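Thank you for making the time this morning. I would like to walk you through one structure, and I would ask you to keep it open in front of you while I talk.

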Amino acid sequence: MSLKLTFHGAAGCVTGFCARLETGRATLLIDCGMFQGSKTLKALNYEPFPFEASKIDAVLLTHAHIDHSGLLPKLMKAGFEGPIFATAATRDLCGVMLPDAGSIQESEVRQLNRRNQRRGRDQVEPIYTVRDAVRTTELFERVKLGESVVVAPGVTATYWEAGHILGAASIEVCVETEEGPVSILFSGDIGPGGRDYSADPEGPAGVDHLVLESTYGDRPRLLVDPATRRKMLAQELNDAHEAGGPLLIPAFAVERSQELLADILAIMADGHAPEADIFLDSPLAIEATEVFRRRGWNRATDVNPFQGLYANDRLKFLREPWESDRLERLKGWHIILAASGMCDAGRVRKHLKRLLWQRQATVLLSGYQAVGTLGRILEEGAERVRIQGEDVRVRARIRSLDVYSGHADADGLVAWAQARAPVGGTVFLAHGEPPALEGLRGRLAAAGFAEDRLAIPSLDERFVILKGQAAADAQGKPRLAAAAVSRPDWHNQRAAFLLDLDGRIELAGSDEARSAMIRRLRAALEEPVDRGQGADAPASVT
């Protein structure tokens, strides 16, 4: 029987990676990530899996980020009982990240159900609970980098350093078939290399097929050494201090928060920026920091740069909600790091509501902002945003610092792929938005990869895999059309319209003009509506 590879996530977008490999003797998942971005995309998290969870024999997990691991408890709830193979650091990080995600689900569902009750709408259930997440962590089995492990009948896997975050790996899967062994290398997320906080990415040469992430596939990025990186961050700190207010950094709880804290403390210790109280306002980031202190040894530098991260007079860990609420009383210069990094959930949204309208405040975006997220909307220069149903004018300084990304840029991805050559079959490009996917395909073709063997899978697309080739297979209807995966949805359009409406009414010259505007809108609403085909997607919990 030929192999079949189906892409159930991060196909045409950067979140929710999940690939299903069917060998005839076993069925494996490589990652089982949560979708982030537009509400239409996030609604997929609440739908049934497009496969039977009980028939999955094992999961091979590249790393702990929620867009790669976040639906593992849902998989367990749906009937999966097999092992989850991961590095020790990934296992430890998932041990804090998945229960945190379950806690967020429970909290947001409680809030949503209160609103639904007032509106007469149906109650909803969380995707999974803290208890589900804890039970899922019991399924983890540790693997070591560079050692082959049997993961299913006729299938071995070797984990390679990916250089992305602590514990992250690329996974080489080798399947015994009637025509001999077939190897597929799943890149996971590839780091840029040359960093003091993580090792350089590695991998085998001479694979049959390659699944390659494409987050920054259409652009080179500024790659700097640690000293230059800290100098650039110091400039942002000084500018924020000069503005006269606090600095809010929406930061991913795992890796980004720890790297920023280490650099900020070093910068202040060297006298290159004014000292300040630094508040790590994320229970998950606090727990993850302990994992980094324990396991953050960099093999390349023989140093653990995170050993000095502990709460002290300047660095304060805020675990309880009431501790976070007390930050509202603070004035002047201080620094807050809060999740999420794309401003889509967590405590950062509360701080944004409080600070965005203040001219003296600064918001520093330090990572990739996916389409449809509040972070992307701010990054693109929105003058007004909607947060938890409220309109907020953006007067704060919005800054971006793109030197902390854990992803290789276009040049780095091409170089890493070339180091895996010869690739005997197909290179599948995933984990990227359409411009990045097309950009990387063009760059790989220019670098010598056969153009007819560079594939960009769509959501739920399946391929038949042979030793030296892959072909698209007949399949059912995908859960979302390709265009809906990679662009802002009607929720984003509605929010933008309401903001524009409020602004135009506010600018109208008189009450008569405002009334006339409302009458015209009401008349438009009374026109017949083209209901189109199909049903609305399930509501997401946000």
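I will speak about a pair of helices and then about a pocket.

Please bear in mind throughout that this is a predicted model.

Let me begin with helix H4, which covers residues 88-119, and helix H5, which covers residues 130-137, whose axes come within 7 Å of one another and cross at roughly 160°. Because an angle over 145 degrees counts as roughly antiparallel, H4 and H5 are therefore described as roughly antiparallel to each other, and their crossing is right-handed. If you look at where they meet, H4 contributes Cys-94, Gly-95, Leu-98, Pro-99, Gly-102, Ser-103 and Glu-106 to the contact, while H5 contributes Val-130, Ala-133, Val-134 and Thr-137. Taken by character, the residues of this contact are six nonpolar, four polar and one charged.

Now to the pocket, the second largest, which has a volume of about 470 Å³. Its lining consists of 24 residues, and those that lie nearest the centre are Glu-161, Leu-166, Gly-167, Arg-295 and Trp-297. Helix H4, which we have just been discussing, comes back here, since the elements giving two or more residues to this lining are H4, strand E6 (140-143) and helix H8 (283-295).

Which element gives the most to the lining of the second largest pocket? That is H8, with three residues. As for the character of this lining, its residues divide into twelve nonpolar, five polar and seven charged.

Conventions:
Residues are numbered from 1 along each chain as its sequence is written. This is a predicted model: local features need pLDDT of at least 70, side-chain atom pairs count only at pLDDT 80 or more; totals for chains, interfaces and linings use all residues. Side-chain values use heavy atoms; hydrogens and water are left out. Axes are lines fitted to C-alpha atoms, for helices over the stretch in contact, and angles run from 0 to 180 degrees between N-to-C directions. Helices (H or I, at least four residues) and strands (E, at least two) are DSSP runs, numbered from the N terminus. Angles under 35 degrees count as roughly parallel, over 145 as roughly antiparallel, 65 to 115 as roughly perpendicular and the rest as oblique. A crossing is left-handed if the near helix is turned anticlockwise from the far one by less than a right angle, and right-handed if clockwise. Contact means heavy atoms within 4.5 Å. Ala, Val, Leu, Ile, Met, Phe, Trp, Tyr, Cys and Pro count as nonpolar, Asp, Glu, Lys and Arg as charged, and the others, Gly among them, as polar. On a 1 Å grid over the protein atoms alone, a cavity is a set of points where a 1.4 Å probe fits but cannot get out, and a pocket is an open set with protein on both sides within 12 Å along at least five of seven lines; lining residues have an atom within 4 Å of a point. Grid points are joined across faces, edges and corners, and a volume is the space filled by probe spheres set on the points.
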